[in-house]
Amino acid sequence: MHFLLALLPFVTSAAFCQNIVLTNDDGWAVAQIRAQNNALIAAGFNVILSAPAENESGTGSKTAIPTTLNQSCEFQTCPTGSPAEGSDPNNPRINYVNAFPVDAVRFGIQTLSPQFFGSAPEFVVSGPNVGTNLGTVVLNSGTVGAACEAAKEGIPSTAFSATSNSQSSFTTLTTDPTSSASEAAVIYAQLATSFTQALLASPARPILPANITLNVNLPSTTGCSSASDFQFILTRNIGNSADTDVTTCGTDHLPDEDTVVTGPGCNIAVSVISALTKTDVDATTQGAVLDRLSDFLSCLS
């Protein structure tokens, strides 16, 4: 199996879903979510960004009633005393919620989408997260928690997480575009957009089985300086030789995502997990995703 990453930006018209809510757990003003917002819009998607006002990493599926800010938003992007939910003064489609990632994605789905789309969104992109979410880390990840919340509300979703520890402001994308952090943010955004295009390209429904989400982890850009260097590999969240997975690449045992992402090469892990338990799913459910992405996924060398 193989994918033609370079061609995907030119086949946007084949995507049958256009309305996307974008969220994360690192906050509405980090470089990675703004680069992702830019990339999705450039690819022709209709996007609403709804993310926490502050860095809420590690909050899993926690939820709370949003409250007035008792401090400024991250990177001083809104002042103390700002309302519980607010938007960029120049762009009402870029929104913060002063609560957890689950609350931010709910606001995007339940409040902003009817306002801007006239309906629920067709898809939710969560991330790319600053740092990977591999193995049992998914249980505590707010980025994964937001994607799971979307799936539980009936909206197909994917959580993207990247091997980058740069919690930098979105302003660095323009003030320091050649920095390693800015360049990585742009590459990760391109990759997540290409994956989203591939997943949404088919008119077949459902896009994903009910109550599941995809956990996609991207490796370091060190040694992988272009989006075309990467390949996507179907994986398990946690390796288990006793379980029988969907048969692909000549085996019915998928590699675990940690091995794929931290190993040699520019390999991206794609795991199918339950939105209810945040654990691996059965071979039949994995197969539904494999069928949809068969021309896009590759085999691990």
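Let me begin with a single residue: P156 is buried, at a relative accessible area of 16%, where buried means under 20% relative accessible area, exposed over 50% and partly exposed in between, with a 1.4 Å probe and protein chains only. The model is predicted, so local features need pLDDT of at least 70 and side-chain atom pairs count only at pLDDT 80 or more, while totals for chains, interfaces and linings use all residues. Residues are numbered from 1 along each chain as its sequence is written, and side-chain values use heavy atoms, with hydrogens and water left out.

P156 sits in the loop between α3 and β6. Which residues does P156 contact, leaving aside its neighbours within four places in sequence? They are E122, F123, V124, I207 and L208, contact meaning heavy atoms within 4.5 Å. For V124, 32 residues away along the chain, the C-alpha atom is separated from that of P156 by 6.4 Å.

I turn now to the helix before this loop. Helix α3 covers residues 142-152, and 10 of its 11 residues are buried, so it is largely enclosed by the rest of the structure. The buried positions include G142, V144, C148 and E149. Against what do the buried residues of α3 pack? Their partners are the helix α2 (101-116) and the strands β1 (19-23), β5 (123-130), β6 (157-162), β7 (212-218) and β9 (267-274). Helices (H or I, at least four residues) and strands (E, at least two) are DSSP runs, numbered from the N terminus.

Two further helices deserve attention. Helix α5, residues 180-200, has 21 residues and reaches 30 Å from its first C-alpha to its last, close to the 30 Å expected at 1.5 Å a residue; the expected span is 1.5 Å times one less than the number of residues. Of the 21 residues of α5, 17 are buried, so this helix is largely enclosed by the rest of the structure.

Helix α1, residues 31-42, has 12 residues and spans 16 Å, close to the 16 Å expected. It is mostly covered, with 9 of its 12 residues buried. Among them are the charged-type residue R34 and also I33, N37 and L40. Just after α1, G44 takes a positive phi of about 100°.

Near the end of the numbering we come to L300, in the segment after α7 (283-293). Is L300 buried or exposed? At 38% relative accessibility, L300 counts as partly exposed. Leaving aside neighbours within four places in sequence, L300 is in contact with I233, P255, V260 and N267. The C-alpha atoms of L300 and I233, 67 residues apart along the chain, are separated by 6.5 Å.

Finally, the chain as a whole. The protein chain has 7 helices and 9 strands. A compact globule of 301 residues would have a radius of gyration near 19 Å, and the chain has 18 Å, which agrees; this radius is taken over C-alpha atoms, and the globule rule is 2.2 Å times the number of residues to the power 0.38. Along the principal axes, the C-alpha atoms fill a box of roughly 60 × 40 × 35 Å. Buried residues make up 57% of the 301. Of the contacts with a separation of 6 or more, 76% are between residues 24 or more positions apart.
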